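User: I have a model open on my screen and would like to talk through how its helices pack and where a few residues sit. Could you walk me through it?

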Amino acid sequence: MTRLSQIEKGIFMKLFNRGGYVLNFSTNEFDVFTLESVGVPLCEIYKQSKGKSLMTYIGEASEDDTIKLLKDLLDYYETHYEYEIENDDEYSKIYSRCKDIMERILYNKNPLASAAIRLKEKFSSEYLSAQIDLMLKMQSENPTEAIGKAKELIESCCKTILDEKGVEWDKNWDVGQLTSETVKLLKLMPRHTRYSASIN
């Protein structure tokens, strides 16, 4: 079973690729890094830019080697880009997604459990924490009820966000309307993002 999808590889590329460059590596530094990581100096082998060399490699390397290199690059990013993680909302979100993917792969973590932890951090009310715990418990005991509980949780989160932002909502709104208004408020629609995956 594939542990890392093409879409997930693309998420890592959004974090590491900086317009054909890979983070702040020089060509020589990048070759030394990848040689130590997976035994291959990518730019020397592929004769392309750092970004293109990385993309070519993860497209043809074994899954184990791909994961090893992406994990090492993620470790490097965490060490050298702490300011960006804390101050750049766009890259911080991409980093969080990469971190979740890597933890799932390496530690076989339940993605729902990871999301639940983040929800508890963001929404500290006892009610929401209790709902999250109940949903996780019901996930294995009663999946159908867990889905219903997840819907209620989404509604509660949306209402909490709208209330905190001072936005009025109608008590008759269904989960779709609540989600739509919250997404628009937080500017999470595709037109509001500025991701660029272009590689020179």
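User: Which residues of H2 meet H5?

Analyst: Happy to help, and please keep in mind that this is a predicted model. On the H5 side, the contact holds Asp65, Lys68, Leu69, Asp72, Leu73 and Tyr76. By class, the H2 contact with H5 counts 6 nonpolar, 2 polar and 3 charged residues. The residues on the H2 side are Phe30, Phe33, Thr34, Ser37 and Val38.

User: Are H2 and H5 parallel, perpendicular or oblique to each other?

Analyst: Two packed helices are described by the angle between their axes and the distance between the axes. For H2 (residues 27-38) and H5 (residues 63-80), the axes are 9 Å apart and the angle is about 130 degrees. That angle is outside the 65 to 115 degrees that count as roughly perpendicular, and it is not over 145, the cut-off for roughly antiparallel. H2 and H5 are therefore oblique.

User: Is the crossing of H2 and H5 left-handed or right-handed?

Analyst: The angle of about 130 degrees does not give the hand, so the sense of turn between the near and the far helix has to be considered. For H2 passing H5, the crossing is right-handed.

User: What is the angle between H10 and H11?

Analyst: H10 covers residues 143-164, and H11 covers residues 175-185. Their axes are 9 Å apart. H10 and H11 are oblique to each other, and their crossing is left-handed. The packing angle is about 40 degrees.

User: How many nonpolar residues are in the contact of H10 with H11?

Analyst: H10 and H11 cross in a left-handed way. H10 brings Lys151, Ile154, Glu155, Cys158, Lys159, Ile161 and Leu162, while H11 brings Val175, Leu178, Thr179, Glu181, Thr182 and Leu185. Of these, 2 are polar and 4 are charged. The nonpolar count is 7.

User: Thr182 caught my eye. Which backbone oxygen lies 2.8 Å from a polar atom of its side chain?

Analyst: Thr182 sits in H11 and is buried, because its relative accessible area of 5% is under 20%. Not counting residues up to four places away in sequence, Thr182 touches Cys158, Ile161 and Leu162. The oxygen at 2.8 Å from the polar side-chain atom belongs to Leu178.

User: Which residue caps the N-terminal end of H11?

Analyst: The backbone nitrogen to look at is that of Gly176. A side-chain oxygen lies 3.1 Å from that nitrogen. Beyond the other end, H11 is followed by Lys187, with a positive phi near 55 degrees. The N-terminal cap is Asp174.

User: How far apart are the C-alpha atoms of Ser156 and Leu178?

Analyst: Ser156 is in H10 and is buried, with a relative accessible area of 17%. Along the chain, Ser156 and Leu178 are 22 residues apart. Their C-alpha atoms are separated by 9.4 Å.

User: Is Ile58 buried or exposed?

Analyst: Ile58 lies in H4 (residues 50-60). Leaving aside neighbours within four places in sequence, Ile58 is in contact with Lys9, Met13, Thr66 and Leu70. Its C-alpha is 8.6 Å from that of Leu69, which is 11 residues apart from Ile58 in sequence. With a relative accessible area of 4%, Ile58 is buried.

User: Leu23 and Lys47 both have a positive phi. Which of them is exposed?

Analyst: Most residues other than glycine have a negative phi. Leu23, with phi near 50 degrees, lies in the loop between strand E2 and H2 and is buried at a relative accessible area of 7%. The other residue has a phi of about 55 degrees, sits in the loop between H3 and H4, and has a relative accessible area of 68%. That is over 50%, so the exposed one is Lys47.

User: To finish, what share of the residues in the protein chain is buried?

Analyst: The chain has 11 helices and 2 strands, in the order α-β-β-α-α-α-α-α-α-α-α-α-α. Among contacts between residues at least 6 apart in sequence, 58% join residues at least 24 apart. Of the 200 residues, the buried share is 36%.

Key
Residues are numbered from 1 along each chain as its sequence is written. This is a predicted model: local features need pLDDT of at least 70, side-chain atom pairs count only at pLDDT 80 or more; totals for chains, interfaces and linings use all residues. Side-chain values use heavy atoms; hydrogens and water are left out. Axes are lines fitted to C-alpha atoms, for helices over the stretch in contact, and angles run from 0 to 180 degrees between N-to-C directions. Helices (H or I, at least four residues) and strands (E, at least two) are DSSP runs, numbered from the N terminus. Angles under 35 degrees count as roughly parallel, over 145 as roughly antiparallel, 65 to 115 as roughly perpendicular and the rest as oblique. Contact means heavy atoms within 4.5 Å. Ala, Val, Leu, Ile, Met, Phe, Trp, Tyr, Cys and Pro count as nonpolar, Asp, Glu, Lys and Arg as charged, and the others, Gly among them, as polar. Buried means under 20% relative accessible area, exposed over 50%, partly exposed in between (1.4 Å probe, protein chains only). A polar contact is a pair of N or O atoms within 3.5 Å; within protein, one must be able to donate a hydrogen and the other to accept it, and residues adjacent in sequence count only if both atoms are side-chain atoms.
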